[in-house]
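Here are some worked exercises to try with the model open beside you. Have a go at each task before reading its solution.

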Amino acid sequence: MKMREEEIEKLRGVVRDCLSKHLYSSAIFFADKVAAFTSDPADIYMQAQALFLGRHYRRAFHLLNASQIVLRDLRFRYLAAKCLEEQKEWDQCLLMLGDAKVDEHGNVNDTKDCNVMYLDKEGEDREINISSAICFLRGKAYEALENRAQARLWYKAAIKADPLCYEALECLIENHMLTSEEEASLLSSLQFAPEDGWLSSFYSCLIKKYDKETVVEAKFTELEKQSCNINPSDPSFICTLKNNTDLLACKAEYYHQCGEYQKCFELTAILLEKDPFHMKCTLVHLAAAMELGHSNELYLMACNLVKDYPQKALSWFAVGCYYYCIKKYDQSRRYFSKAANLDGTFPPALIGCGNAYAAQEEGDQAMLAYRTAARLFPGCHLPTLYIGMEYMRTHSFKLAEQFFMQAKTICPSDPLVYNELGVVAYDMKEYNKAVWWFQKTLSHIPSSLSEMWEPTIVNLAHAYRKLKMYHEAISFYEKALTLSTRSLSTYAGLAYTYHLQDNFPAAITYYHKALWLKPDDQFCTEMLTLALVDEARRGVDPRNESR
């Protein structure tokens, strides 16, 4: 029985409609008949696509592999490789995609694909370059085979081949495959179309954000102003990205990075009311709740996540966060480990596991978790930083310094790294160096000084006191008091500095303030006694004493 072209075209329309309505069995049935009538490669591809979407991966692969065009048409080859991906046959997936080399900058050298065909789909929709999709799939295969170095290069190749391939950038960022400098360099190398200016700005907000607050806020403001008039007849009806959840989640992440945890928590709470299942926002919300000690919020979040997403690492990570917050470190470690086992590319789980071990002073186990995280996520400086902190705890100051310097190389703009370098220099009695590092810390703080940075200012004051630069020390102690009035260390340091200057009344005043915070503090108690004795002696008239 012969069918006219118009009738076949109607059947093709039925297949497309079935796919759009997720009626996959119907789509497979009609696509099979269209392919049988025409034997057209485009119809064979449509049949394979229907089989793939209906989860008949082996049948789809067999159909594609049996066609004479599979190795000559990139779309056939890509779909065949996707079938192998779904079956976790990663080596076969790479073989199907063909041999290709990629350099450190993400440039692909693939001479065999120069003469291949590409059956472009009908329609006027803008497409993502098929070469970009193939590069991305290669990256996924290499990552599944635990060859992260090759995966990183292919993800870079994918985003360079087409900046619209967001998934490649997402893998590079979320899996911490690049340092902050490498991220910025990659972003600057992308060739955006003239109409994609907003996308360039959006990507710049996604990458690591350690610039000054004014710089980062300017990026957000620029992106929020991007608008689109979707109704030309009504100029007042303009849509913007100002309230976009992805953008606001990036902003919340930046607030968390700056130590503005309350601000971050309030923003993520609003976002989760609007979109309760936004995963990135959920992670930032959990992190802010942890810092603020909101155990009830963590408990509710963990319960809901485990109920809705029992197979996601984030759900069990939330349970770990709850137990960590209430200081039940054994349970928290168990759930962090479960999250890491569910998803080996989820950095917070491994770092959380290390922190739980460190909280119990199980240094060897903590080190193992941190080293694993540092190996798997070379673009994340936190595991290296925490290794340095563990060495600090065991007084291995030189080793600690080495790891802090390594963290500084990975992320040269995080003020926390400079603070730790200052602390290790102070502990090694290199006070001039300590002052230099603490000053660097303050210069790298992106936003205005908050209570989070009060210990840094106190440490700087301690270092100045050790150098007998008492006026500078007093100045920084007083600056610390403007941020927090409940720090024993600040009052004790200020009192002791005044004591060293023989300003006994001021010293006595601040020793009293310190003891008000902690009445049984031995140092302040002893020094207060000495200050009172010294003041009494100075108050005795020498002529009366001679009588």
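**Warm-up.** Where is the place of Q87?

*Solution.* Q87 sits in the loop between α5 and α6; helices here are DSSP runs of H or I with at least four residues, strands are E runs of at least two, and both are numbered from the N terminus. A word on the source: this is a predicted model, in which local features need pLDDT of at least 70 and side-chain atom pairs count only at pLDDT 80 or more, while totals for chains, interfaces and linings use all residues. Residues are numbered from 1 along each chain as its sequence is written, and side-chain values use heavy atoms, with hydrogens and water left out.

Next comes the surroundings of this loop residue. Q87 counts as buried because its relative accessibility is 18%; buried means under 20% relative accessible area, exposed means over 50%, and partly exposed is in between (1.4 Å probe, protein chains only). Leaving aside neighbours within four places in sequence, Q87 is in contact with Y57 and R58, where contact means heavy atoms within 4.5 Å.

**Exercise 1.** Compare the length of helix α5 with its expected span, then describe its two ends and its surroundings.

*Solution.*
1. Length: α5 covers residues 74–86, and its 13 residues reach 18 Å from first C-alpha to last, close to the 18 Å expected. The expected span is 1.5 Å times one less than the number of residues.
2. Start: D73 caps the N-terminal end, with a side-chain oxygen 3.0 Å from the backbone nitrogen of R75. A polar contact is a pair of N or O atoms within 3.5 Å; within protein, one must be able to donate a hydrogen and the other to accept it, and residues adjacent in sequence count only if both atoms are side-chain atoms.
3. End: just after α5, K88 has a positive phi of about 60°.
4. Surroundings: 12 of the 13 residues are buried, and these pack against α3 (41–53), α4 (57–66), α6 (90–97) and α7 (130–144).

**Exercise 2.** Zoom in on L79 and work out why this residue counts as buried.

*Solution.*
1. L79 belongs to helix α5.
2. L79 is buried because its relative accessible area is 4%.
3. Not counting neighbours within four places in sequence, L79 is in contact with Y45, A48, Q49, F52 and L64.
4. F61 is 18 residues from L79 in sequence, yet their C-alpha atoms are 7.9 Å apart in space.

**Exercise 3.** Which residues touch the most other members of the largest nonpolar core?

*Solution.*
1. A nonpolar core is a set of buried Ala, Val, Leu, Ile, Met, Phe, Trp, Tyr and Cys residues joined through side-chain atoms within 4.5 Å.
2. The largest one has 133 residues, and Y203, L286, F317 and Y511 touch the most other members.
3. Helix α17 gives this core its largest share, nine residues.
4. Another core lies apart from it, with 36 residues, among them L11, Y45, Y57 and L97.
5. As background, nonpolar side chains tend to be buried together in soluble globular proteins.

**Exercise 4.** Why is α17 described as largely enclosed?

*Solution.*
1. Of the 13 residues in α17, 11 are buried, so the helix is largely enclosed by the rest of the structure.
2. The buried set includes W316, F317 and Y322.
3. The cover over these buried residues includes α15 (279–292), α16, α18 and α19 (347–359).
4. After the helix comes K327, with a positive phi near 65°.

**Exercise 5.** Find the aromatic partner of W316 and describe how the two rings are arranged.

*Solution.*
1. Rings of Phe, Tyr and Trp (its six-membered ring) pair if their centres lie within 6.5 Å; planes under 30 degrees apart count as stacked, over 60 as edge-to-face and the rest as tilted.
2. This rule gives 25 aromatic pairs.
3. W316 and Y335 form a stacked pair, 5.9 Å centre to centre with 5° between the planes.
4. The pair links distant parts of the chain, with W316 in α17 (residues 313–325) and Y335 in α18 (residues 329–342), 19 residues apart.
5. W316 counts as buried at 13% relative accessibility, whereas Y335 is partly exposed at 21%.
6. Ring pairs also join Y299, W316, Y322, Y323 and Y335 into a cluster.
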